[in-house]
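Visitor: I would like a close look at a single part of this model, namely the place where the domains and the ligands come together. Please start from the overall fold and work inwards.

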Amino acid sequence: MNQEVNFPISTSALELVKVCNASNDHGDPKKTPNTKGPQLYRWQQLRSAIEDWFVNQGPEEFVIKKAENEQFHMFDELQRKLVSDSFTKFRSLYPRSKSEINPDWPQKTVFKEINNEQYAISSHVQFEIMDKDRTDYIRLKTGEIKETILDKAIFTSERYGNETYYTASVKDEDLIEHETIDNHEEIIEEYFQIYEQFLNNPSKTNPNKKCASVCSRPSKCGEFPVLGNIELGRFDRALTVSKTNLLKLEGCERRAAWKLLYGIPEDKENNFGEFGIKFHDAAGKMLVTTKDRNDPVEIERLKELIKDEDDEIQKKIIERYKELLEKLKGYENLELTLNEYPVGFTCVPNGTKVLSDYRLKEGKVATSFIGQADLLGRLDGFPIIIELKTGKKQEGDLTEAELYAFGVWKRFAEAEKKDVTVLHIYLNEENDDPVPRKFGEEEFKTIEKKFHSYAEKIASWDPLDALSVDHSQGNCCDYCEFKDTCAEFR
Ligand code: SF4
Ligand code: SF4
């Protein structure tokens, strides 16, 4: 047996691997482009400021000012304010003491032999704070708290003496003490099994909702083809543009940029409508599993599927589903096989990248456009994507259709030289007619140019300066999630 331990996988990476093996580059020597963005830069600098403040035992006010000047100077005024607010919140959550701080990526690690080699899983925290009677391990969170059961299991298993594990959430202004758990061995074993199935097939993909959000490898895994087949490596930059953010780009550039790149906190959360989500889910599941969608017993199957919803929602889903079946009449030779499936592609323009010392440099920026298509299948043997809309017709429906058509063509149909249809079916109050759009090779040349120009724009945004992006005031300001912050920083 080889006694050397392979480079440990982190708990967060293993959570992604649990859903899709190819989300981790452990088995891929070509590595992954750099997806660090403004939020991570802010988090990194906050961590450094906390370390400076804790170590420097000078007068509090002086130390804070010094840490802020040294650690936050690279950001624009808005991002400086955000990171400075987070710093203030952390200081009230965990006041400074004379304890010793270890900021050098403290971690707890568990080991196992797999296929005659030693493997390890590590749970990282940001600070280890020690005094003579106790040690605190502190994980710093600026966004959503997603502590995994695996982190708790590893901490419980590797805990020595009087050690406590906390999450300091500056978003929720809360210091959460984590309990130890009883079944830690079982959980660690379960995750080592996940790790083993990954090691046995590291490049296996499983497209899922995380492709457009947390995964850093859409430009590498093959599911979102790279236009021009450009090879990308760890010195290139990469980012992902979800369909929702793409459509925002066609309205106000600042609104899109703050959402998709800078992670500026929203003034208010937009509600995407509970009914629409439930209807999409039920209709999608029905249509990809049916043998004959028009068979009357299908409605009984739908009722069974949604039986846990409240009566009003059930009634509405059934009505809309019947409406949908009516609108699908005329599409007899239709076979739907996938629902809620991510499709897209990757453009690689030149743009701005940030070096480790925060200097800017021009470089390749892999920009993956990814949307979650409602239904995918074939109509008379040709690829078709069906989008179900419970709201009004939107100008952005064309761009959405272009994204899906080109994504499906590049991934599944280019070799067959087959046209792709996108069918929008409206199940709204206005009772709009369905809109089919057909795309072929000629249209795809225009679409490629359009998306490349979007990618160039996005790649040119300076990640350290959220205020450098143009804004265009208009009707969309009324329901913009950044309305107040935007007004403050115009
Ligand atoms: S983008 Fe999606 S399919 Fe590709 S590696 Fe990531 S999670 Fe897997
Ligand atoms: S408030 Fe208006 S100008 Fe400002 S980001 Fe939103 S849409 Fe753009």
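What radius of gyration would a compact globule of 490 residues have, and what value does the chain have? After that, please take me to the surroundings of ligand 1 and to the contact between domain 1 and domain 2.

Guide: This is a predicted model, and everything that follows should be read with that in mind. A compact globule of 490 residues would have a radius of gyration near 23 Å, and the chain has 25 Å, so the two values agree. Along the principal axes, the C-alpha atoms of the chain fill a box of roughly 75 × 55 × 50 Å, and 35% of the 490 residues are buried. The secondary structure comprises 14 helices and 16 strands, and of the contacts between residues at least 6 apart in sequence, 73% join residues at least 24 apart.

The domain assignment divides the chain into domain 1, residues 9-187, and domain 2, residues 207-490, whose centres, taken over C-alpha atoms, are separated by 33 Å. Their contact involves 22 residues from domain 1 and 28 residues from domain 2. On the domain 1 side, the elements that contribute two or more residues are helix 1 (11-19), helix 2 (38-55) and helix 4 (77-93), and by class this side holds 10 nonpolar, seven polar and five charged residues.

The shell around ligand 1 likewise draws on both domains, taking at least three residues from each of domain 1 and domain 2. Of the 14 residues in this shell, those that come nearest to ligand 1 are Cys20, Ala22, Cys211, Cys215 and Cys221, while the shell by class consists of seven nonpolar, four polar and three charged residues.

Ligand 2 offers a second set of surroundings to set beside these. Its shell includes the cysteines Cys252, Cys476, Cys477, Cys480 and Cys486, together with residues such as Arg254, Arg255, His471 and Lys483. Helix 8 (253-262) and helix 14 (483-488) are the elements that give two or more residues to this shell, which by class has six nonpolar, three polar and three charged residues.

One hairpin completes the tour: strand 12 (residues 350-354) and strand 13 (residues 360-379) run antiparallel and are joined by five bridges, with Val354 standing opposite Leu360. Five residues lie between the two strands, and in this hairpin Tyr358 takes a positive phi near 70°.

How values were computed:
Residues are numbered from 1 along each chain as its sequence is written. Chains are lettered from A and ligands numbered from 1 in the order in which they are written. This is a predicted model: local features need pLDDT of at least 70, side-chain atom pairs count only at pLDDT 80 or more; totals for chains, interfaces and linings use all residues. A residue is near a molecule or strand if its C-beta atom, placed from the backbone, lies within 6 Å of it. Ala, Val, Leu, Ile, Met, Phe, Trp, Tyr, Cys and Pro count as nonpolar, Asp, Glu, Lys and Arg as charged, and the others, Gly among them, as polar. Domain bounds come from an automatic or database domain assignment. Helices (H or I, at least four residues) and strands (E, at least two) are DSSP runs, numbered from the N terminus. The radius of gyration is taken over C-alpha atoms; the globule rule is 2.2 Å times the number of residues to the power 0.38. A residue is buried if 20 or more other C-beta atoms lie within 10 Å of its own, exposed if 12 or fewer, and partly exposed in between; C-beta atoms are placed from the backbone. Two residues are in contact if their C-beta atoms, placed from the backbone, lie within 7 Å. Two strands pair if DSSP finds at least two bridges between them.
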